[in-house]
Amino acid sequence: MPKAELHLHIEGTLEPEMMMALAKRNDVALPYDSVDSVRAAYRFGSLQDFLDLYYIGMSVLLKRQDFFDLAFAYLERVAAQNVTHAEIFFDPQGHTERGVSFDTVLSGLTDALDKARREFGMTSRLIMCFLRHLPEEQAFDTLAQACRCKEHIFAIGLDSSEKGHPPSKFVRVFAEAARQGFVAVAHAGEEGPPAYVRDALDLLGVRRIDHGNRAMEDPALVARIVREKIPLTVCPLSNQALKACPDLTVHPLKRMLAAGMVVTVNSDDPSYFGGYLNANFVAIQEALGLNRAEIATLGRNSFLASFLPDADKAAALARFDAFQGKW
Ligand code: ADE
Ligand code: ZN
């Protein structure tokens, strides 16, 4: 099925093999001595457990070539899964904090996106996330860097530790980003309460909610999300790995679809959570017994909820409908 991926952290595609290889190439010390010991550490009780490893993992990324290698490996892999468009998060503060320049990160990533467009016809957007555990002041510094490279960065997002770092902490920087022409999205309702989802909409002006699972606890919020057609980028294997839901068999995705929400399936940090986009589709289909119509809705939603320009979106939807007609 042709599809778009809308919730993918490029640093979360760092496979243990590449982590070890880059550690060697860049002479970076890691607390692991083998691929197996990296994999053995992938047991998470919460979002924070994962983030602690995620920031250690990304410490091997130092040079433009490293960011290129990371991103191109992801793009090549999902091109083979019929992902025709990808909207990709990156966390510049995870790198600039370590002394890697913003331009090193961005140039490596855009090199890879350009190559994927040439070689696979894959289109893409970059979404720059602010790390919400850091002060808003530092997000402003990061936004200033992005303003020098507007042609390469379509949207801004908000990720990292959700609890205790509500959307209200970032109102001013999101307002300035909107003035600068950036579209906004935010992680909300992954671990945080439904109020964080509402605040992301009302205070940050986001066009999509990343995750949004806990919105399901608030019927009025669900009704609003349906009415306003606000897409949710849901990540089943991530939710299972980080214990956002106890088991995929009780995952809210089917209820979200039944409620009429514009939900999409995504992989979040596939190297850490046990599978890329197709694996997420297979796992959630099996766990919830999704039927063909539900799977097709999820595929179609991925283009509908994308930030493709209108004409490209219409073309992608027409191609999707033609595919579905033959399916
Ligand atoms: N950074 C990378 N993956 C994330 C997630 N699932 N939630 C919050 N921050 C993240
Ligand atoms: Zn995420």
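Start with Thr 142, which sits in helix 7, residues 136–147. Keep in mind throughout that this model is predicted.

**Stop 1: Thr 142**

Show the surface around Thr 142. Its relative accessibility is 6%, so Thr 142 counts as buried. Which residues is Thr 142 in contact with, once its neighbours within four places in sequence are left aside? Select Pro 92, Gln 93, Phe 102, Met 128 and Phe 130.

**Stop 2: the cysteines**

How many disulfides does the structure hold? The count is 0. Select Cys 129, which is in no disulfide. Its nearest cysteine sulfur belongs to Cys 235, 12 Å away. Cys 129 is buried, with a relative accessible area of 0%.

Now move to Cys 235. Why does Cys 235 form no bond with Cys 245? Their sulfurs are 11 Å apart, and Cys 245 holds the closest cysteine sulfur to that of Cys 235, so the gap is too far for a bond. A disulfide would need the two sulfur atoms within 2.5 Å. Cys 235 also counts as buried, at 0% relative accessibility.

**Stop 3: the zinc ion**

Select ligand 2, the zinc ion. Then add its protein donors: His 7, His 9 and His 187, each through NE2, and Asp 268 through OD. They lie 2.0 to 2.2 Å from the zinc ion. Next, look at the angles. The 4 donor atoms subtend angles of 85 to 176 degrees around the zinc ion, and therefore the arrangement is irregular.

Follow the donors along the chain. Their spacing in sequence is H-x1-H-x177-H-x80-D. Colour His 9 and Asp 268. His 9 lies in strand 1 (residues 3–9), while Asp 268 lies in the loop between strand 8 (263–265) and helix 13 (270–273), so the pair ties together parts that are 259 residues apart in sequence. Are these two residues, His 9 and Asp 268, buried or exposed? Both His 9 and Asp 268 are buried.

**Stop 4: ligand 1**

Select ligand 1 and show what is around it. The residues there include Leu 47, Phe 50, Leu 51 and Tyr 54. Asp 159, Ser 160 and Asp 269 are also among them. Three of the zinc donors turn up again: His 9, His 187 and Asp 268. Glu 190 and His 211 are around ligand 1 too.

Finish with distances to nitrogen atoms of ligand 1. Pick Glu 190: a polar side-chain atom lies 2.7 Å from a nitrogen atom of ligand 1. Pick His 9: an N or O atom of its side chain is 3.3 Å from a ligand 1 nitrogen. Pick His 211: here the distance from a side-chain N or O atom to a ligand 1 nitrogen is 3.4 Å.

Terms used: Residues are numbered from 1 along each chain as its sequence is written. Chains are lettered from A and ligands numbered from 1 in the order in which they are written. This is a predicted model: local features need pLDDT of at least 70, side-chain atom pairs count only at pLDDT 80 or more; totals for chains, interfaces and linings use all residues. Side-chain values use heavy atoms; hydrogens and water are left out. Donors are N, O and S atoms within 2.8 Å of the metal (3.2 Å for Na, K and Ca); water is not among the atoms, so sites may look incomplete. Four donors count as tetrahedral if all angles lie between 85 and 135 degrees; four count as square planar and six as octahedral if opposite donors are over 155 degrees apart and all others between 65 and 115; anything else is irregular. Helices (H or I, at least four residues) and strands (E, at least two) are DSSP runs, numbered from the N terminus. Buried means under 20% relative accessible area, exposed over 50%, partly exposed in between (1.4 Å probe, protein chains only). Contact means heavy atoms within 4.5 Å. A residue is near a molecule or strand if one of its heavy atoms lies within 4 Å of it. A polar contact is a pair of N or O atoms within 3.5 Å; within protein, one must be able to donate a hydrogen and the other to accept it, and residues adjacent in sequence count only if both atoms are side-chain atoms.
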